[in-house]
Amino acid sequence: MNTTVYSTHKFEEHYLIQANNNKHQLILLDVRLTEETAVLAKGSKTVSLFTGDDASKNVLKKLKAIGVENIALRSAGFNHVDLAAVTELDIKVARVPAYSPYAIAEHTIALILALNRKLVRAHNRVRDMNFSLNGLTGFDLNGKTVGVLGTGKIGAVLVKILYGFGCKILAYDLEEDKELKEMYGVRFTDCQTLCSESDIISLHVPLTPETRHIISAEQIERMKKGVMLINTSRGALVDTKAVIEGLKSRKIGYFGIDVYEEEEGLFFEDHSDEILQDDVIARLMTFPNVLITSHQAFLTNTALTNIAETTIYNIDCFENGTVSGNEIKTK
């Protein structure tokens with residue numbers, strides 16, 4: 001089956017080619033799917049999309065008009081896809097529901113430790129032959145209260161890691177996980193209580209209309225002074241402008257993100273020769289207690305292998321007319 005792969009990155013190309021094993025004709029494009037680039041999928045029944053691709057109604061109409069019938073997402077999230085439009089246009093969509101919860105959870109821990117122990121600042125000092133320890137004091141994770149918003153696959157793995165550090169764990173989810181309560185002493189509570197009692201808060205919920213800006217100015221006001229806030233889930237879970245105010249007032253003592261609500265067209269690309277146009281993230285980058293990675297939490301060999309293999313499997317199922325089990329229900 002001819003498949004146009006949008007937003008193909010160098011780091012994933014090898015994995016896609018290997019998983020495909022010459023079964024499908026993959027047209028690998030490094031450009032994002034937009035209204036202007038939709039025409040590049042002409043001749044393909046399937047397109048494969050990444051998180052930054054635009055699958056809004058107008059784009060989907062253009063794809064349908066040139067014969068596209070299927071979308072194979074290379075992600076678990078699908079908030080960039082207009083589900084009402086794919087239903088109307090009768091376009092099938094399949095995703096990669098889980099590729100490596102360990103990759104995301106471990107990157108979350110990396111952000112927590114790097115911020116706490118000021119590893120970036122310490123590394124830069126040593127490279128300048130400055131071996132002073134002034135200003136590098138951190139805290140013990142042992143005994144700290146960590147709030148985990150969302151205890152799905154990733155959140156559950158994070159809980160297990162935090163338990164090993166000796167943390168007290170609060171959690172918020174629509175459904176309480178009995179195993180996490182019994183084995184790791186997790187106390188499930190509401191979002192407001194979690195925000196007010198936690199020393200560290202980490203976000204692991206999907207982006208929905210209900211969770212958009214779940215971390216708002218109101219929630220930040222409830223938090224402990226000097227709280228650490230970590231987001232490796234979806235950028236729009238956090239009201240970034242409210243976080244900036246929290247950083248300026250020192251209510252937020254540490255902020256670590258791997259996602260950003262306006263990351264489309266910014267993350268995954270080299271802008272080193274350009275003038276940064278986003279004033280919000282530019283302001284964030286001025287804070288010494290902020291650590292930003294550009295959506296790399298998933299970037300492990302295991303995750304890339306699983307994403308590629310599941311994507312090709314989904315394309316196989318599209319071609320054969322079989323159910324993969326990874327379809328997004330749109331009705």
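Partly exposed describes a residue whose relative accessible area falls between the two limits used throughout this tour: under 20% is buried and over 50% is exposed. The model to be inspected is a predicted one.

**Stop 1: the annotated spans**

Begin by colouring residues 13-327, which UniProt, in an unreviewed entry, lists as "domain: D-isomer specific 2-hydroxyacid dehydrogenase catalytic". Helix accounts for 37% of this span and strand for 14%, and its end C-alpha atoms are 23 Å apart. Next, give a second colour to residues 109-297, to which UniProt, again in an unreviewed entry, assigns "domain: D-isomer specific 2-hydroxyacid dehydrogenase NAD-binding". Here the composition is 34% helix and 16% strand, with 10 Å between the end C-alpha atoms.

**Stop 2: helix H1**

Select residues 10-20, which make up helix H1, and display the side chains of Glu12, Tyr15, Leu16, Ala19 and Asn20, which are buried. These residues lie on the same side of H1, because they cover an arc of only 125° around the axis. An α-helix has 3.6 residues a turn, so residues three or four places apart point the same way. Rotate the view to the face turned away from the buried side of H1, where the exposed residues Lys10 and Gln18 are found.

Now centre on Tyr15, a residue of helix H1. Tyr15 counts as buried because its relative accessibility is 16%. Add Thr305 to the selection: although 290 residues separate Tyr15 and Thr305 along the chain, their C-alpha atoms are 5.9 Å apart.

**Stop 3: salt bridges**

The whole structure contains eleven salt bridges. Side chains of opposite charge can pair when their charged atoms come close. Three of the pairs are visited here, beginning with one that returns to H1.

Select Arg74 and Glu12, whose side chains form a salt bridge with an N to O distance of 3.0 Å. Arg74 belongs to the loop between strand E4 (70-73) and helix H3 (83-89), while Glu12 belongs to helix H1, so the salt bridge ties together parts that are 62 residues apart in sequence. Arg74 and Glu12 are both buried.

Move to Glu88 and Lys57, a salt bridge in which the closest N and O atoms are 3.4 Å apart. Glu88 is in helix H3 and Lys57 in helix H2 (residues 57-65), so that distant parts of the chain, 31 residues apart, are linked. Are the two partners buried or exposed? Glu88 counts as exposed, at 53% relative accessibility. Lys57 is partly exposed, because its relative accessible area is 33%.

The third pair is Glu197 and Arg187, with 2.6 Å between the closest N and O atoms of the salt bridge. Glu197 is part of helix H8 (residues 191-197) and Arg187 of strand E8 (residues 187-188), so this pair joins parts that are ten residues apart in sequence. Glu197 is partly exposed, with a relative accessible area of 34%, and Arg187 is likewise partly exposed, at 40%.

**Stop 4: cysteines**

How many disulfides does the structure hold? It holds zero. Select Cys167 to see one cysteine outside any disulfide: the nearest cysteine sulfur, in Cys195, is 17 Å away. Cys167 is buried, at 8% relative accessible area. Cys195 is in no disulfide either, and the nearest cysteine sulfur to Cys195, that of Cys191, is 4.2 Å away. A disulfide requires the sulfur atoms to be within 2.5 Å, which means that a separation of 4.2 Å does not qualify. Cys195 also counts as buried, with 0% relative accessibility.

**Stop 5: helix H6**

Proceed to Val157 in helix H6 (residues 153-164). Val157 is buried, at 8% relative accessibility. Display Pro101 as well: the C-alpha atoms of Val157 and Pro101 are 6.8 Å apart, with their positions 56 residues apart along the chain.

**Stop 6: positive phi values and a surface patch**

Two loop residues other than glycine have positive phi values. Arg250, with phi near 70°, sits in the loop between helix H10 (240-248) and strand E11 (252-257). Arg250 is exposed, with a relative accessible area of 62%. Phe268 has phi near 75° and lies in the loop between E11 and helix H11 (279-284). Phe268 is partly exposed, at 23%.

Finish with a surface view of Val31, Val39 and Leu40, which form a nonpolar patch with about 230 Å² of accessible area together. Val39 is located in the loop between strand E2 (25-28) and strand E3 (46-49).

Terms used: Residues numbered from 1 in each chain as written. Predicted model: local features only at pLDDT ≥ 70, side-chain atom pairs only at ≥ 80, totals over all residues. Heavy atoms only, no water. Buried < 20%, exposed > 50% of the residue type's maximum accessible area, 1.4 Å probe, protein only. UniProt positions renumbered as here; feature names shortened; annotations may be inferred. Helix = DSSP H or I, 4+ residues; strand = E, 2+ residues; numbered from the N terminus. Patch = residues over 30% accessible without salt bridge, like charges linked within 9 Å, V, L, I, M, F, W, Y side chains within 5 Å. Areas by Shrake-Rupley, 256 points an atom, 1.4 Å probe, with all protein chains shown as cover. Salt bridge = Lys/Arg side-chain N within 4 Å of Asp/Glu carboxyl O. Arc of directions from axis to C-beta.
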